Amino acid sequence: MDNKASLMRMVKTVSSKIELAKTIINVSICFNNIKLSDTEVTILAYFMVYGINQETKNLIVKSAICKSLANIKTIMVKLKKLDLIYKDEFNGKVYVIPSLNFELTPTVGIYLKIDNK
């Protein structure tokens, strides 16, 4: 069987890095059959753009995306169970998974490999 790749070009205009991150997350969760609410996608987008730290959590509450830090903690538990964030066992910090943790640039390429066994 040939190992050929097809290229599909899609263009979407977004207004910010958060919107870019949300678009990437939505493609990823669709491809991986993961269900997230709009709020959960937005919080994960903030984590992609700003990192997972107290300042980001405070920004999320200040922006009225979540009502409290307790709500963010609950969402983080779900994101961790879905393997979208993880805690580094060496330094104890929480990170977005490597496949979603990259520099958000104006052009983003997504490579999807589908096995049709």
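This is a dialogue about reading the fold, salt bridges and surface of a predicted protein model.

Student: Which order of helices and strands does the protein chain follow along the sequence?

Tutor: A reading of the fold can begin with the elements and their order. In this predicted model, the protein chain has four helices and two strands, and along the sequence they follow the pattern α-α-α-α-β-β. The C-alpha trace spans about 50 × 35 × 25 Å along its principal axes.

Student: What percentage of the residues count as buried, and what percentage of the contacts between residues at least 6 apart join residues at least 24 apart?

Tutor: Burial refers to relative accessible area, and a residue under 20% counts as buried. Of the 117 residues of the protein chain, 27% fall in that class. Among contacts between residues at least 6 apart in sequence, 46% join residues at least 24 apart.

Student: How many salt bridges does the structure hold, and how should I read each of them?

Tutor: The structure holds two salt bridges, and for each pair one can look at the distance, the place in the sequence and the exposure of the partners. In one of them, Lys 22 pairs with Glu 19, with the closest N and O atoms 3.7 Å apart. Because these two residues are three apart in helix H1 (residues 17–31), about one helical turn separates them. Glu 19 is partly exposed, at a relative accessible area of 31%.

Student: Which parts of the chain does the salt bridge between Glu 40 and Lys 78 tie together?

Tutor: The closest N and O atoms of Glu 40 and Lys 78 are 3.0 Å apart. Glu 40 belongs to helix H2 (residues 38–50) and Lys 78 to helix H4 (residues 69–81), so this pair ties together parts that lie 38 residues apart in sequence. As for exposure, Glu 40 is buried, with a relative accessible area of 11%, whereas Lys 78 is partly exposed, with a value of 31%.

Student: Which residues make the nonpolar surface patch?

Tutor: A patch is read by joining neighbouring side chains of one kind, and here membership requires over 30% relative accessible area. Val 27, Phe 31, Ile 110, Leu 112 and Ile 114 make a nonpolar patch of about 460 Å². Leu 112 lies in the segment after strand E2 (94–96), and at 46% relative accessibility Leu 112 counts as partly exposed.

Student: What is the accessible surface of the protein chain, and how many charged side chains of each sign are there?

Tutor: The accessible surface comes to about 9,000 Å², of which 53% belongs to carbon and sulfur atoms. The chain has 17 positive and 10 negative side chains, and the centres of these two sets lie 5 Å apart.

How values were computed:
Residues numbered from 1 in each chain as written. Predicted model: local features only at pLDDT ≥ 70, side-chain atom pairs only at ≥ 80, totals over all residues. Heavy atoms only, no water. Buried < 20%, exposed > 50% of the residue type's maximum accessible area, 1.4 Å probe, protein only. Contact = heavy atoms within 4.5 Å. Areas by Shrake-Rupley, 256 points an atom, 1.4 Å probe, with all protein chains shown as cover. Lys, Arg positive; Asp, Glu negative; His and termini not counted. Charge placed at Lys NZ, Arg CZ, Asp CG, Glu CD. Salt bridge = Lys/Arg side-chain N within 4 Å of Asp/Glu carboxyl O. Patch = residues over 30% accessible without salt bridge, like charges linked within 9 Å, V, L, I, M, F, W, Y side chains within 5 Å.
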